Amino acid sequence: RDFNERCAQCSEVNWGLTDGGRFYCRSCHNVTERAREVVNTDFITNTRVQTISKGSRKQEKNDGAYEWYVCEGFQLVLKKQAEALEALGVCPQMKDEVLCNFWRCYLQKSKQAYCIRPAGETVKALSVCDSSTDVDSDPERSSLLPLLSLSESEGDLQTDNSFASSTSKVSESASMCSGSVDGGWYFKKSQKEKLRMTMPMTLSFCYMALLWLREPMTLSKYILFVVEGHIPNLNVFQHFPEKMKLYGLDLRIFCVESWPAYEEVYNKMLELAVFLELPRFPDITDSCFLHPDMLCMKYLMEANLPDEFHNWACRVVKKIGIGDVDFLTLVPGNKSTRKVKYDVLAAAVIVVVLKLLFLLDDKYEWLLSDFAGERNKNSKEGGPYFEFKKWYKVIKCSLDEKQKKLDEERAKYLWRCEKPLFYSDHMKSKVLKRKQMAVNLQNQFGKLSGSVRPPEKPNPSSFQLSWSEENTDGSCFHGHSLKGILQEKCGLLKPMNPDYWLCTVKLCTEKSCRHLAHYSRDEDFPQSYHFVLSLFSFLLRIQPSYIHDEVCVIEHKLFNKKLYKKPKYSTGLRK
């Protein structure tokens, strides 16, 4: 407060003190030669004591860092992700009621908290805190310990004190190579132990809560928000408090250096639901966003296909019964029911409808397109007919542009976190100063090279490809008609083409095989089919093989009677 000189580097008056007693600027981290004058008051007598030192706390290390546990770190990650989802418009009950209860149940099932440990048990699991007395003595520390609910009291966290005391004895040796107390034990735990907490599992926890609340967010869209940075997952540990030191084995636990995978997050969610022994999830009805009828409408708009496609999609859904509540609702542990990936199912239904109407054999769709193009030139009545060739060109151009931009962004992505990591207060000023120098040099070289600064992160959107009927270039096909490819029979509109080709005649039933059908770009499939799969693969950010699997399953349900029709044998006498 008494040092009011301006900083020689940034002209700000915002000083702090280093461990050596020198002043440093909090704005630019410039360290001056000026030191704080300390007045020796040892000779003063009859002075009144104003403060009483509490002494070193049991959970505070010599450098000011707290002893913390791995489960506390994951707890903070879940809290940050839940708050980000609330900011995106998710129901506020998701964090304090649903996700909080899931996390409590996991801690209890994994014997990390809310359980009574046998006396003398070997230290194999994690602990959360020592006792409630330490929590009450430091309000900053207490902000880390309560679970996701802000209204919960610290006494609700029931951990065994004997276990905490035994952990404190080995904490010094176990934390030699990590900032957390039990970072070493985390990797020494048996590989056979089920559902050891990982960073991808935090996404599974949140998606399970979203599914329980039937929120209008599919898994593919949730992962997309994670990749775009709207939901913290990559370098999320930079949001940890400063006194939670992170180094060594902790970085292997909380540092993420790969994009989240759809299958991994989904499969871990199913394992979690079984592990927590959750009951049947709330019903997915026809008014729910996750119902195929609703999702098909969304993906048809994003794929720039005519509105009339939706009627055909609903007919397919009703025909094969994939819109039933019992089929769509998740029942953990029920092996007789097939687990539904709602976004992949809706995309596969649209692909099947495209094959029903246009065949997608690299011949028939182009013939229909030529017929529709001639009709649109000669007649303007009743709205334009849908031209597959024109739609292909528009989507191909937009898709290539978006894919190129995505590849460039991923190639330029910096996996290192913006917040520098320092392991002690003594190194803080040095690390921050080096970081500031690196940023200044980067900005200077950027100005010299004329590089443009990256734009700000755009607002999250539910659509990656958007189309407007107000465009005069004819790039929007939502209002186009399918009359050119349909004919009326017995009062019903049916495709003019009666043929259909199957992706596979027999589904794979081997347990070791992860796919029901085999797909590759080198396979002898028509190019139109490859293109449609690549379109929805980009929209969902998953491999085309997963959509191909679902297409094969739908086809076998749709043509089940013809595929498995028993041959008719003659009733005459054998010769």
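This is a walk through a predicted model of one chain, from its overall make-up to single residues.

Start with the whole chain. It holds 20 helices and 5 strands. Of its 575 residues, 47% count as buried. Now take contacts between residues at least 6 apart in sequence. Of these, 72% join residues at least 24 apart.

Two residue pairs give examples of positions separated in sequence. The first pair involves Y66. This tyrosine sits in the loop between β3 (31-35) and α1 (70-87). Y66 is 178 residues from M244 in sequence, yet the two C-alpha atoms are 5.9 Å apart in space. Y66 counts as buried because its relative accessible area is 2%, and the cut-off for buried is under 20%. The second pair is S468 and M301. They are 167 residues apart in sequence and 9.8 Å apart in space, C-alpha to C-alpha. S468 belongs to the loop between α17 and β4. Its relative accessible area is 29%, so S468 is partly exposed.

Next, the helix packing. Look at α2 (residues 93-109) and α7 (residues 199-212). Their axes are 10 Å apart and meet at an angle of about 125°. The two helices are therefore oblique to each other. The reason is that 125° falls outside the ranges for roughly parallel, roughly perpendicular and roughly antiparallel. The crossing of α2 and α7 is right-handed. From α2, the contact uses M94, V98, L99, F102, W103 and Y106. From α7 come M201, F205, C206, M208, A209, L210 and W212. What kinds of residue make up this contact of α2 with α7? It has 13 nonpolar residues, no polar ones and no charged ones.

A second helix pair is α14 (342-358) and α18 (residues 527-540). Here the angle is about 155°, and the axes are 11 Å apart. That makes α14 roughly antiparallel to α18, because an angle over 145 degrees counts as such. This crossing, too, is right-handed. On the α14 side, the contact is made by D343, V344, A347, I350, V351, L354 and K355. On the α18 side, it is made by Y529, V532, L533, F536 and L540. This contact of α14 with α18 divides into 10 nonpolar residues, no polar ones and 2 charged ones.

Stay at α14 and move on to the loop that links it to α15 (364-378). L359 is found in this loop. Its phi is positive, about 70°, although L359 is not a glycine. Most residues other than glycine have a negative phi. Is L359 buried or exposed? With a relative accessible area of 9%, L359 is buried.

K111 also has a positive phi without being a glycine, with a value near 60°. K111 lies in the loop between α2 and α3 (132-137). K111 counts as exposed because its relative accessibility is 52%, and the cut-off is over 50%.

Now turn to α8, residues 219-227. How many of its 9 residues are buried? The count is 9 of 9, so the helix is described as mostly covered. The buried set is L219, S220, K221, Y222, I223, L224, F225, V226 and V227. Note that K221 is among them. Just after α8 comes G229, with a positive phi of about 90°.

Finally, go to the loop between α17 (425-449) and β4 (486-489), where S475 has its place. S475 is buried, with a relative accessible area of 11%. Setting aside neighbours within four places in sequence, S475 contacts N304, V394 and W467.

The loop leads into β4. Strand β4 runs antiparallel to β5 (residues 492-495), and 4 bridges join the two. One bridge pairs K489 with L492 of β5. The strands form a hairpin with 2 residues between them. In the turn, C490 has a positive phi of about 55°.

Note on methods: Residues numbered from 1 in each chain as written. Predicted model: local features only at pLDDT ≥ 70, side-chain atom pairs only at ≥ 80, totals over all residues. Heavy atoms only, no water. Axes fitted to C-alpha atoms, helices over the stretch in contact; angles between N-to-C directions. Parallel < 35°, antiparallel > 145°, perpendicular 65-115°, else oblique. Left-handed = near helix turned anticlockwise from the far one by under 90°. Contact = heavy atoms within 4.5 Å. Nonpolar A, V, L, I, M, F, W, Y, C, P; charged D, E, K, R; others polar. Buried < 20%, exposed > 50% of the residue type's maximum accessible area, 1.4 Å probe, protein only. Pairing = 2+ DSSP bridges.
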